[in-house]
Structure formats: C-alpha cells, structure tokens
Amino acid sequence: MPQQTVLLLIIVLLVIILTLLNHARAIAGKRPISRRPLKALDPISQALARGAETGRAIHLSPGSGAIGARASTLETTAGLLAAERVASEAARNGAPLLTSSGDAVAHLALRGALRQAYQRAGLGQDYDPASVQLLAHQDPMAYASGVATLYGRQKLEASQMIGSFGQEILLATESGAQQGAPQVSGATTTTGLPLMYLSSEATLIGEEIYAAEAYLAHAAAPQARLLTIDTLRTVIIVAIVVLALLAASGLPISL
C-alpha cells in the first residue's frame, strides 16, 4: 500500500475520532455552542407563545416529498424534525396543532413524531391523531390545494412549511397570506424559494432548513448535531483547498 494512502487513512481516522469526541463533549454541555441568529423562525416562536391563549392552531408541514426518493428525502426529513421540535414546545405550552403532509410514508412518520413529542412532555393523552392529515399522495399540486383548503376552513395562528416544496407552494402560501396567517417556509429548490420569498413572512433558504431543528429545540442533542455538521463541513472545505493548492503547485497526488 502506498505511503500516501496510509497517511490519508490515518488522517481520516483521526478526523473521525476527533469528531466523535467533539460531538460527545457538545452533548454533555462541555463545549460552548454559538449560533448566528435565525430571524426567520421568530414567527413560530411567537405563535407558540400565543397559541395557548388564542386557541388557534399552528400548521406544520414537511411538504409533499416522498421519503426514500432521491430528490426529496433530505428536505422531507428536515421538515419532519422541525415539525417534531415545534410539537414538543406546543405540547408543553398547550398550543393546538394542525399538521399535514403529501406522502403516505411521511404521514406515518409525522404521526409518530407528534405522538412521541406529546409522550415526552408527559401529555400523551392530549395527542389527537385527527390533527395529522394526509392531504394527497405524491401529487404536489393536489397537496398545495389541500393546504389552501385548510387555510380557508379555520383561522390559524401561524404556519410552518419546511421541507420538499416546488412551484406549487405559491398556491398554499398565497392562500395563507390572504388569510393573514404568519407563514414560515423553507426549501432548497430553486423553483420554490423565489415564490416562498414573495408570499411568506419569513423564508429559510437552502441549508437553513437543516439547521431549523437545532434553533427550535432546547435539548443538547440537536445543538450538538448542528455543531458537528458545521465542523465536518469546515474540515472538508479545508481539505479541498489544500488538495487544490497541492495540485496547482505541481506536486504529485495519488490516493
């Protein structure tokens, strides 16, 4: 085995070990975690504080993407995690929830996430399966039409739509804007983001949807995950820059 390959394997092993140690320290609270403000989530925090008093529900949605599909799994998972964190706070605060999804598998995951959120809060009896609605199955336009119908049926305290969305999002967010409901939306697609920005009160752009879970949670684990992901990303960027400089200098690189 070439010496460069052995050296590379040793470096990768050290990075993995240091990352695991760093993650463990963050979970134990031994590593300070500093984050830049994410103002786009403020309307949801404010709605959680008002929801118990007004009795109006907060709408949560991970979109119409399918779990298992290459194009939408990550976005849908991010939306589910963000919805679970809001549900945990709502269970403790007594704020009612109304959740929807556009995929059968995501619907089951959403039901499980909300049930666990209420159980962790010691309020499992308050979980209402009827509040988790499947509006369509892998039909984005039909799902957006269903969300628009939900907006028309009742006055919502706020709506959080973070996950897999495309241009169909305009149908839902425009209906929400007409009803005057504060909306927080987020996606990674170039077809959905401009429309979200135009019709929503606040928008999470690109990778911000993956950080939303940590900003919405008070537990140590989501904070540690965010710190670990940022650390690994920094390591990868540094490695790419170093390899590019070595290649530009003419030094032989063989992996």
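Select Ala83 first; Ala83 lies in helix α3 of this predicted model. With a relative accessibility of 0%, Ala83 counts as buried. Now add Ser61 to the selection. Although 22 residues separate Ala83 and Ser61 in sequence, their C-alpha atoms are 7.0 Å apart in space.

**The surroundings of helix α3**

Keep helix α3 in view, residues 73-93, and display helix α8, residues 208-216, beside it. The two axes come within 8 Å and cross at roughly 15°. That angle makes α3 roughly parallel to α8, and the crossing of α3 past α8 is left-handed.

Next, replace α8 with helix α4, which covers residues 104-120. Helices α3 and α4 pack with their axes 8 Å apart, at an angle of about 30°. Because angles under 35 degrees count as roughly parallel, α3 is also described as roughly parallel to α4. Which hand does the crossing of α3 and α4 have? The crossing of this pair is right-handed.

**Charged pairs on helix α3**

Side chains of opposite charge can pair when their charged atoms come close. Show the side chains of Arg120 and Glu84, which form a salt bridge with their closest N and O atoms 2.9 Å apart. Arg120 belongs to helix α4 and Glu84 to helix α3, so that this pair links parts of the chain 36 residues apart. Is Glu84 buried or exposed? Its relative accessibility is 12%, and Glu84 therefore counts as buried.

Move along helix α3 to Arg92 and Glu89. These two residues also form a salt bridge, and here the closest N and O atoms are 2.5 Å apart. Both lie in helix α3, three residues apart, which is about one turn of the helix. The two partners differ in accessibility: Arg92 is exposed, with a relative accessible area of 52%, whereas Glu89 is buried, at 13%.

**A salt bridge between two loops**

Select Arg56 and Glu157. Their side chains meet in a salt bridge, with a distance of 3.2 Å from N to O. Where do the two residues lie? Arg56 is in the loop between α2 (42-54) and β1 (58-63), and Glu157 is in the loop between α5 (140-153) and β4 (158-164), so the pair ties together parts that are 101 residues apart in sequence. Arg56 is partly exposed, at 31% relative accessibility, while Glu157 is buried, at 3%.

Add Arg50 to the display. Arg50, Arg56 and Glu157 are joined into one network by salt bridges that share partners. The count of salt bridges comes to five.

**Strand β1**

From Arg56, go on to Pro62, which lies in strand β1. Pro62 has a relative accessible area of 0% and is buried. Select Ser185 as well: the C-alpha atoms of Pro62 and Ser185 are 9.8 Å apart in space, while the two residues are 123 residues apart in sequence.

**Gln138 and helix α5**

Turn to Gln138, in the loop between β3 (132-134) and α5. Most residues other than glycine have a negative phi, and most peptide bonds are trans. The phi of Gln138, however, is near 55°, a positive value in a residue other than glycine. Gln138 is partly exposed, with a relative accessibility of 48%.

Continue into helix α5 and select Gly146, which is placed there. Its relative accessible area is 15%, and Gly146 is buried because buried means under 20%. Display Gln133 together with Gly146. The two are 13 residues apart along the chain, and 9.9 Å separates their C-alpha atoms.

**A nonpolar patch on helix α1**

Finish at Ile17, found in helix α1, residues 3-27. Ile17 is partly exposed, with a relative accessible area of 41%. Show Ile17 as a surface together with Ile10, Leu13, Leu14, Leu18 and Leu21. These residues form a nonpolar patch on the surface, with about 580 Å² of accessible area together.

Terms used: Residues are numbered from 1 along each chain as its sequence is written. This is a predicted model: local features need pLDDT of at least 70, side-chain atom pairs count only at pLDDT 80 or more; totals for chains, interfaces and linings use all residues. Side-chain values use heavy atoms; hydrogens and water are left out. Patches are made of residues with over 30% relative accessible area and no salt bridge: like charges are joined within 9 Å, nonpolar side chains (Val, Leu, Ile, Met, Phe, Trp, Tyr) within 5 Å. Accessible areas come from the Shrake-Rupley method with a 1.4 Å probe; for residues, only the protein chains shown count as cover. A salt bridge is a side-chain nitrogen of Lys or Arg within 4 Å of a carboxyl oxygen of Asp or Glu. Helices (H or I, at least four residues) and strands (E, at least two) are DSSP runs, numbered from the N terminus. Buried means under 20% relative accessible area, exposed over 50%, partly exposed in between (1.4 Å probe, protein chains only). Axes are lines fitted to C-alpha atoms, for helices over the stretch in contact, and angles run from 0 to 180 degrees between N-to-C directions. Angles under 35 degrees count as roughly parallel, over 145 as roughly antiparallel, 65 to 115 as roughly perpendicular and the rest as oblique. A crossing is left-handed if the near helix is turned anticlockwise from the far one by less than a right angle, and right-handed if clockwise.
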